[in-house]
Amino acid sequence: MKNLQNIDAKICLTAAGCLIHEGQVMLVKHKKVGAWLCPGGHIDPNELPHQAAEREFWEETGIEVSAFNPDLPTATDGSEYLPNPILTNLHWVSQDNYQIRTEGKSSTSNSKLWKKGCEQHLSFIYLVKPAGKNLDFKENVEETDGIGWFSLAELDDLELFGNVELEIKTAFSLLK
Ligand SMILES: [Zn+2]
């Protein structure tokens, strides 16, 4: 898909957290999307992107996390350096809407899955680490069909978008 940035589509801001612990990454199988993802979702109004990643992670796994960068400086003047996403990805979330747009139509009403009228998602992907001692997940059965810890080798057996696999591998390489 070319010219992602030059189509007059609705862009939602979203955030996701990549938690890697003892060589395994925590993934959830998203019901709507039908694939394994790092826990995440839409950024609420007035919410900072990294906070959205932390909130969504907690909502989808029951694990409290905080977003971080290994080398983030501490501001000394009362301001704050926020965690940077390790990657920012722009993609179509609805194949229906992509086709409608590229056929030159403007209606997005036939997207059955996405009540918010989602077309493109600008997704901020953060490294997250446990905020407490609890690493026992609790499945969110309303939004997900599965949850678990996976090693890099196990990713091959999962239904996984190419960009998500790339994001997970990037996170692993940053934590080496
Ligand atoms: Zn959306």
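These legends go with a few views of a predicted model.

**View 1. The whole protein chain, end to end.** Start with the parts list: three helices and eight strands make up the secondary structure of the protein chain. Walking from the N terminus, you meet them in the order β-β-β-β-α-β-β-α-β-β-α. The protein chain has a radius of gyration of 17 Å, close to the 16 Å that the globule rule gives for 176 residues, so it is as compact as a globular protein of that length. As for the box around the C-alpha atoms, think of roughly 50 × 45 × 30 Å along the principal axes.

**View 2. Who touches whom across the sequence.** Take the contacts between residues at least 6 apart in sequence: 72% of them join residues at least 24 apart. How many of the 176 residues count as buried? That comes to 30%.

**View 3. The largest nonpolar core.** Here we look at a group of 27 residues, in which C18, C38, A53, Y126 and V128 touch the most other members. Several elements chip in two or more residues each: the strands β1 (11-21), β2 (24-30), β3 (35-37), β5 (65-68) and β7 (120-130), plus the helices α1 (49-61) and α3 (162-174). Which element gives the most to this core? It's β7, with five residues. As a general habit, nonpolar side chains in soluble globular proteins tend to be buried together.

**View 4. Zooming in on Y126.** Y126 is among the core members that touch the most others. Setting aside neighbours within four places in sequence, its contacts are A15, G17, C18, H50, A53, A67, P83, P85 and I86. Two of those names, C18 and A53, also appear among the core members with the most partners.

Conventions
Residues numbered from 1 in each chain as written. Predicted model: local features only at pLDDT ≥ 70, side-chain atom pairs only at ≥ 80, totals over all residues. Core = buried A, V, L, I, M, F, W, Y, C linked by C-beta atoms within 7 Å. Buried ≥ 20, exposed ≤ 12 C-beta atoms within 10 Å, placed from the backbone. Helix = DSSP H or I, 4+ residues; strand = E, 2+ residues; numbered from the N terminus. Contact = placed C-beta atoms within 7 Å. Rg over C-alpha atoms; globule rule 2.2 N^0.38 Å.
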